[in-house]
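Please open the model in your viewer and keep the selection tool at hand. The tour below goes from one selection to the next and says what is found at each stop.

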Amino acid sequence: MSHPHHPHGQHPGGHSIPHGHGNMPETIRETYARIKDDTSGKSAAEYMKNMKNQLRLVFWETTAGCNLECIHCRRLDVSTTLARDDMSTKEAFAFVDAVAETGKPILVLSGGEPLFRPDIFEIAKYAVSKGLSVALATNGTLVDDKTAKRIVDAGIARVSISFDGADARTHDEFRKIPGSFERSIAGFKRLKDLGMSMQINCTIAKHNVDQVDDLYQLALKMGAEALHIFMLVPVGCGVQIADDQMLHPKKYEEVLNHFYDLSKEARIQTKATCAPHYFRIMRERAKEEGVTISPKTHGMAAMTKGCLAGTGVCFVSHKGEVFPCGYLPVEAGHVRKQRFVDIWNNSPVFQKLRDPDLLEGKCGACEYKKVCEGCRARAFYDTGNYLAEEPYCIYQPKLARTDKV
């Protein structure tokens, strides 16, 4: 499996495709063009204040089937064939209609491997016809010349391909399929040559933590428009490798600070996902630099926050279950049983996640809780309570410090 927010592997749908904003739908490319050209200098707070609980990204696991067996995949039941309980084409169309009712968020077609579905292009075209911006999260190994053209012709706005290292040895060892790195590179190039907006995703763990700069250079060399890094969340197969692969909290902090330094080069769009501390670090660093955070200074990162589970994004499984994200296994509803718009608006799970005052432990006391919130999935993994404090954060909130004067 490729990795959102996996699920492709570690994040839903590759996990993350950029977040749009405002009330009118626009393509991913248009969103970035607008932000890149923004010279207004509006503060992050001004951009975010009218976005409360607006559904911006729906990660849909179109199938559980996949041709890879990534050791960090969020799924335990990896299948190399289509799953019998995948939504039918008819159900898929009905689901697209339901998503369009919510205000036209970006729909990320994920998996598994979405290209396993023979009707995936038909579904993508239908979603585009309904006014949705559609992104595809794939491992890239199945993208031959014909498939690349079909992806472009379907009207898909962006494709994310997941890499687990900056070289074949690192990537293939994690993917358990020799040659998968070169096949993913080839798929990326085919799509790029056809003018597709391309994004590279990578889950950062111990095996590749020293390759962040190399991954950044790979993204630049390949002509990617975006590089999104994900911090490992212990879900699915990720639980089995957590002890060996999870970064120490101090290393986590170090990586995010370095990624902030890379982002300041503004050569491509960068985003840290499943890494809510980044949005606290960004504010600490900007304050040190005497800079007001705005789209002009910090791009898309100025318009969003850390954990968006249930507040700006959600994940829909191949069976139709609705979760806050691809890593938080707390069901909020089921599209085969309920209207999707009702789930989004009224689910008790989502209502709790939308109230930062319910956060517990040091997250609840933290002055950055409204822009960070901690990773709710890691809190759930560690304690069984998705409102508990983030276990992989070294920051001590001012109200919780014992060294106060």
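Which residue stands opposite Leu227 in E6? Select Leu227 together with Ile200, because the model, which is a predicted one, places Ile200 opposite Leu227 in E6. Now extend the selection to strand E5 (197-204) and strand E6 (226-231), which pair in the parallel sense over six bridges. If you follow the chain from E5 through H8 to E6, you trace a β-α-β crossover that is right-handed.

Stay with E6 for a moment and colour its residues by burial, for six of its six residues are buried. Ala226, His228 and Phe230 lie on one side, and Leu227, Ile229 and Met231 on the other, so that both faces of the strand are covered. In a regular strand the side chains alternate between the two faces of the sheet.

Next, select strand E7 (residues 269-273), which pairs with E6 in the parallel sense over five bridges. His228 stands opposite Lys271 in E7, and the side chain of His228 also makes a polar contact of 2.9 Å with the side chain of Gln269. Gln269 itself lies in E7 and, at 12% relative accessibility, counts as buried.

Turn then to helix H8 (residues 212-222), where the buried residues include Leu215, Leu218 and Met222. Show its surroundings as well, since helix H7 (180-193), helix H10 (249-263) and the strands E5, E6 and E7 are among what covers these buried residues. Just after the helix comes Gly223, whose phi is positive, near 80 degrees.

The last stops concern aromatic rings, of which a search of the whole structure finds 10 pairs. Select Phe315 and Phe323, a stacked pair with 6.4 Å from centre to centre and 25 degrees between the planes; both residues are buried. Move on to Tyr368 and Tyr395, whose ring centres are 5.6 Å apart and whose planes stand at 75 degrees, so this pair is edge-to-face. Tyr368 lies in the loop between helix H15 (361-365) and helix H16 (376-383), while Tyr395 lies in the segment after H16, so the pair ties together parts that are 27 residues apart in sequence. Both Tyr368 and Tyr395 are buried.

Two further selections complete the tour. Phe259, Tyr260, Tyr278 and Phe279 form one aromatic cluster, and at Trp344 you will find the charged end of Arg354 over the ring, 4.4 Å from its centre.

Terms used: Residues are numbered from 1 along each chain as its sequence is written. This is a predicted model: local features need pLDDT of at least 70, side-chain atom pairs count only at pLDDT 80 or more; totals for chains, interfaces and linings use all residues. Side-chain values use heavy atoms; hydrogens and water are left out. Rings of Phe, Tyr and Trp (its six-membered ring) pair if their centres lie within 6.5 Å; planes under 30 degrees apart count as stacked, over 60 as edge-to-face and the rest as tilted. Buried means under 20% relative accessible area, exposed over 50%, partly exposed in between (1.4 Å probe, protein chains only). Helices (H or I, at least four residues) and strands (E, at least two) are DSSP runs, numbered from the N terminus. A charge sits over a ring if NZ of Lys or CZ of Arg is within 6 Å of the ring centre and within 35 degrees of the ring normal. A polar contact is a pair of N or O atoms within 3.5 Å; within protein, one must be able to donate a hydrogen and the other to accept it, and residues adjacent in sequence count only if both atoms are side-chain atoms. Contact means heavy atoms within 4.5 Å. Two strands pair if DSSP finds at least two bridges between them. A crossover is right-handed if, with the strands pointing away from the viewer, the path from the first strand over the helix to the second runs clockwise.
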